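Here's a quick briefing to read with the structure open beside you. Have a look around first, then work through the points by topic.

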Amino acid sequence: MTDDATHTTAVGSIPRRIKDLLSKPIEPDNNSIIVQGWLRTRRDSKGGFSFLQINDGSCLENLQVIADNSLEEYEATVLKLSAGCSVSITGIIKKSEGKQAIEMQANSVQLVGEIDDPSAYPISKKRHSFEFLREVAHLRPRTNTFGAVTRVRHHCAQAIHRYLDENHYYWVNTPIITASDCEGAGELFKVSTLDFCNLPLTNPDKQSEADTQKAVDFSQDFFSKQTYLTVSGQLNVEAFCLALSRVYTFGPTFRAENSNTSRHLAEFWMVEPELAFATLDDICKLSESFLKSVVHSVLDHCEDDIAFFNQRIDKHLLARLTNLVDQPFEQITYSEAIELLKDSSEKFEYPVKWGLDLQSEHERYISEKHVKGPVIVRDYPSDIKAFYMRQNDDGRTCAAMDLLAPGIGEIIGGSQREERLTQLDEKLTAHGLSEDLYWYRDLRRYGTVPHGGFGLGFERLLNYLTGLDNIRDVIPFPRAPGNAGF
Ligand code: 4AD
Ligand code: MG
C-alpha cells in the first residue's frame, strides 16, 4: 500500500458504510459509490466473475461484491485478493439474485493493504476458539463475534451516559492514581518511579532484608508518598455528590487480586453513580431502573448483534434480557439468603454460615435456581463489607446491596454510606485510615447528608448482554494475571 493509493481513493468521494447500504437500501441506479473494508472471503465462479464478501465493521453483515473478469485489474488484483486484505471498491448497487437484497457490481477493485503471507494469517474463515482468539487479540476485532462485542460495548456505554444524563447525574472524572485503598481489600497495584534495583530506605543501616519492604522511603517517590492505581472512584466522587447532588464516575479501575477466573480482570471499567439525600431503598430502586433502561436501550440499538449472540452463543439470551427488562427485581436480605442456602439440597464447595461472604456458587444458586432472575441481596454483615457502608440499627449489619444476575453472579455492588461522623470515625480508626482519609472525614464534618451509590462492573454487564462466558472476551485487550501482552 502506498500513501498515494490511499489518497487517490479518498479524494472527492466519501466511502459508504456497509450498514447504511444494507439497512436503507438505495434504489438501484447507475451512480458509482465507493465501499472500503476488509475482505472476508473470495469465491471465483466458473461463469467468469468472483464473489467478494466485504466487511467494514459497521455491522455484522458483509456486502457482496461481484467482480467480473472483464475488469482491467481482474487477474492482477482480484484473483490475488485473500481473506483479511483491505480493499477499496467502486461500483454500482443493484438488486441481488442471491439471498441478500442488494449487491455491488464492481467497476474497479483496488487492493489497499495486502496479506503478507496468506497461509499464516490467523483469522481464516473457520471458527476459532475464544482461547485461540485471545492470543491474537490485535486481530480478533475482525471476527464476527468481536465486531459484535465492540458495537454492543459502545452502545452500552452510550446508554449508560444517556440514562445518567437524562436523570441529571453529572459525570465526574475521578483520578486513576490514588493514595487510598477504597475497598480496603489490599488489592492494589503500586505506582512508583523509584528505582527498583536501588530503593531508598528510611534507615538503611538497621534494616534486615525482611524489613526492606517496610523501610522504603516513599517520601523520595514521585508523589512523596505511596500511591496506587485506583480500585474505585467512589470516595472521590462522594466529594462531588455532596455538592452537586447527583454525580457519577465511569472509567477504568484496577485490582491486583490474583483471581484467574472468568469473572475477574485486573483492569476493568466501572460506572459508579452517587446520589445525595438518599437511602439504601433509593439506591436499590436506582440500580433497577438504571439496569433495565441500559439493557432496553442495547436491545433497541443492537438488534442484529444480539440476535447473533442469541443464535451462536446462548439460545436463552434474548429471553433472559427481555425478562430482566420486564420483571421487577426481587429483594432479599443477606440473612434470608443464608437461610435459603442452608435449606437447599445443593452441595456447595464453600461453607454457608451467617457472617461469611457469599461465594460465586452461592450467588448463582440464589439468582439462577431460587429466584430465577436478577435479585438484590441487602443488609450484609458489616464485618465482611467496606468501612464506608452505613451501620444498620441492629449493630451487626450494614446498608449494603449486591445485585446478582443469573449466569454471572454479582454485577452491581453498592450501599448507603456512613454519613455520621462518630460512626465513621469508629470505622476509620479500626481500619487505620483516619490520617489518610482526613478529607473523606471532612465531608461528614461539613454539611453531611445521607447518600449512597453503587458500582456496576461494565464487563460483567457485557457478559450478561452477550451471553459470552469469559470476561476476557468482552474487553478489547484483557489484563489478567500473567497477561498484558498487547
Ligand atoms: O463491589 P465492588 O467492589 O464495589 C465497589 O468498588 C464500590 N466502591 C462501588 C460503589 O459503591 N461505588 O465492585 C463493583 C462491581 C462489582 O459488582 C463487579 O461487577 C465489578 O465491579 N468488579 C469486577 N469486574 C471485573 N473484574 C474484577 N476484578 C472486578 N471486581 C469488581
Ligand atoms: Mg462487591
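What follows is a short tour of sheets, salt bridges and a surface patch. Keep in mind that this is a predicted model. One sheet to find is open and has eight strands, and a search of the whole structure turns up 21 salt bridges.

**The eight-stranded sheet**

- Reading across this open sheet, the strand order is 6-10-11-16-15-14-13-12, and the pairing is mixed.
- Strand 6 (170-171) and strand 12 (330-333) sit at the edges with a single partner strand each, so one side of each has no neighbour in the sheet.
- Helix 5 (residues 234-244) packs on this sheet, where it touches strand 6, strand 10 (246-254), strand 11 (267-276) and strand 16 (451-457). The direction of helix 5 makes about 25° with that of strand 11.
- Helix 10 (residues 360-371) packs on the sheet as well, touching strand 12, strand 13, strand 14 and strand 15. Here the angle is about 60°, taken between the directions of helix 10 and strand 14.
- Strand 13 and strand 14 run antiparallel to each other and pair over four bridges. If you want a landmark there, Val375 stands opposite Leu404 in strand 14.

**Around strand 3**

- How many of the six residues of strand 3 (residues 63-68) are buried? Five of them are, so strand 3 is largely enclosed by the rest of the structure.
- Strand 2 (residues 49-55) pairs with strand 3 in the antiparallel sense, over six bridges.
- Strand 5 (residues 102-113) pairs with strand 3 too, but in the parallel sense and over two bridges.
- Ile66 is a handy marker for both pairings: Phe51 stands opposite Ile66 in strand 3, and Ile66 stands opposite Gln105 in strand 5.

**Salt bridges worth a click**

- Glu288 and Lys292 meet through their side chains in a salt bridge, at 2.8 Å from N to O. The two are four residues apart in helix 6 (residues 280-301), which means about one helical turn separates them.
- Are these two partners buried or exposed? With buried meaning under 20% relative accessible area, Glu288 counts as buried at 18%, and Lys292 does at 15%.
- Arg320 and Asp314 also meet in a salt bridge, at 2.5 Å from N to O. Both of these residues are buried.
- Arg390 forms a salt bridge with Glu419, and their closest N and O atoms are 2.9 Å apart. Arg390 is in the loop between strand 13 (375-378) and strand 14 (400-405), while Glu419 is in the loop between strand 15 (409-416) and helix 11 (421-430), so the pair ties together parts that are 29 residues apart in sequence.
- Arg390 is buried, with a relative accessible area of 18%, and Glu419 is buried too, at 10% relative accessibility.
- There's a network to trace as well: Glu238, Glu274, Arg417 and Arg444 are joined into one by salt bridges that share partners.

**A nonpolar patch on the surface**

- Which residues form the nonpolar patch on the surface? They are Ile176, Ile177, Phe222 and Phe223, and together they have about 370 Å² of accessible area.
- Ile177 belongs to strand 7 (residues 177-178). Its relative accessibility is 38%, so Ile177 counts as partly exposed.

Definitions and conventions. Residues numbered from 1 in each chain as written. Chains lettered and ligands numbered in written order. Predicted model: local features only at pLDDT ≥ 70, side-chain atom pairs only at ≥ 80, totals over all residues. Heavy atoms only, no water. Patch = residues over 30% accessible without salt bridge, like charges linked within 9 Å, V, L, I, M, F, W, Y side chains within 5 Å. Areas by Shrake-Rupley, 256 points an atom, 1.4 Å probe, with all protein chains shown as cover. Salt bridge = Lys/Arg side-chain N within 4 Å of Asp/Glu carboxyl O. Buried < 20%, exposed > 50% of the residue type's maximum accessible area, 1.4 Å probe, protein only. Pairing = 2+ DSSP bridges. Contact = heavy atoms within 4.5 Å. Axes fitted to C-alpha atoms, helices over the stretch in contact; angles between N-to-C directions.
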